[in-house]
Amino acid sequence: QVQLVESGGGAVQPGGSLILSCAASGSIFRVVAMGWYRQAPGQQRELVATINAGGATDYAESVKGRFTISRDNAMNTVYLRMNSLKPDDTDVYYCNGKIYSSVTQWHDLWGQGTQVTVSS
């Protein structure tokens, strides 16, 4: 079984920074991609940033230039560095992992979510 464990959320003032981390553990054969999404109450979950096994990244327009996604392949961990945070960044952030636990067994996994609150 494969699972994702997130950490690093919290409260910060506007202009501040936070780092989120997400570690995949369990029976992992291959990580295809990992990323971060966010969701406000009553809203659809939206892409924040993703990174694939080759290192290619994709960002939401609203976070480009402020957020950086990176990965540690050896640890099956992905990080999201969030700088210049704004009140609009307040959401629950979810880690997503597209992971094979064997040659044929594919998983599209979500973490439990971590709250990020940006407020003065």
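This is a short conversation about reading the features of a predicted model.

Visitor: Where do I start with a predicted model like this one, and how many helices and strands are there in the protein?

Guide: Start with the secondary structure. The protein has zero helices and 11 strands, so its pattern along the sequence is simply β-β-β-β-β-β-β-β-β-β-β.

Visitor: What does the radius of gyration tell me about the protein?

Guide: The idea is to set the value beside the one for a compact globule. With 120 residues, such a globule would have a radius of gyration near 14 Å, and the protein has 14 Å, which agrees. You can add the box filled by the C-alpha atoms, which is roughly 50 × 25 × 20 Å along the principal axes.

Visitor: How many of the contacts link residues 24 or more positions apart?

Guide: Look at contacts with a separation of 6 or more; residues 24 or more positions apart account for 55% of these in the protein.

Visitor: And what share of the residues is buried?

Guide: Buried residues make up 39% of the 120. On the outside, the protein exposes about 6,300 Å², with carbon and sulfur atoms supplying 48% of that area. For the charges, compare mean positions: those of the 9 positive and 9 negative charges are 4 Å apart.

Visitor: Which residues touch the most other members of the largest nonpolar core?

Guide: That core has 28 residues, and Trp36, Leu80, Met82 and Tyr93 touch the most other members. Elements that give two or more residues to the core include β1 (2–7), β4 (30–39), β8 and β9 (91–100). The most comes from β3, with four residues.

Visitor: Let me take Leu80. What does Leu80 touch?

Guide: Leave out residues up to four places away in sequence, and the contacts of Leu80 include Trp36 and Tyr93, along with Val48, Phe67 and Ile69.

Visitor: Ile69 is on that list. Is Ile69 buried or exposed, then?

Guide: Residues under 20% relative accessible area count as buried. Ile69 is at 5%, so Ile69 counts as buried. Ile69 sits in strand β7, and its contacts beyond four places in sequence include Met34, Trp36, Thr57, Tyr59 and Leu80. For Tyr59, 10 residues apart from Ile69 along the chain, the separation of the C-alpha atoms is 8.6 Å.

Visitor: Which strand holds Thr77, and what does Thr77 touch?

Guide: Thr77 is in strand β8 (residues 77–82). At 8% relative accessibility, Thr77 counts as buried. Setting aside residues up to four places away in sequence, Thr77 touches Cys22, Ala23, Ser70, Arg71 and Asp72.

Visitor: Now the loops. Where does Gly111 lie?

Guide: Gly111 is in the loop between β10 (106–110) and β11. A loop position alone does not settle burial, so check the accessible area: Gly111 is buried, with a relative value of 12%. Apart from neighbours within four places in sequence, Gly111 is in contact with Leu4, Glu6, Tyr94 and Cys95. The C-alpha atoms of Gly111 and Pro87, 24 residues apart along the chain, are separated by 23 Å.

Visitor: What should I look for in backbone angles?

Guide: Look at the sign of phi. Most residues other than glycine have a negative phi. In Ser84, phi is near 50 degrees, a positive value in a residue other than glycine.

Visitor: Where does Ser84 lie?

Guide: Ser84 lies in the loop between β8 and β9. With a relative accessible area of 40%, Ser84 is partly exposed.

Methods: Residues are numbered from 1 along each chain as its sequence is written. This is a predicted model: local features need pLDDT of at least 70, side-chain atom pairs count only at pLDDT 80 or more; totals for chains, interfaces and linings use all residues. Side-chain values use heavy atoms; hydrogens and water are left out. Buried means under 20% relative accessible area, exposed over 50%, partly exposed in between (1.4 Å probe, protein chains only). Contact means heavy atoms within 4.5 Å. A nonpolar core is a set of buried Ala, Val, Leu, Ile, Met, Phe, Trp, Tyr and Cys residues joined through side-chain atoms within 4.5 Å. The radius of gyration is taken over C-alpha atoms; the globule rule is 2.2 Å times the number of residues to the power 0.38. Accessible areas come from the Shrake-Rupley method with a 1.4 Å probe; for residues, only the protein chains shown count as cover. Lys and Arg count as positive and Asp and Glu as negative; His and the chain ends are not counted. The place of a charge is taken as NZ of Lys, CZ of Arg, CG of Asp or CD of Glu.
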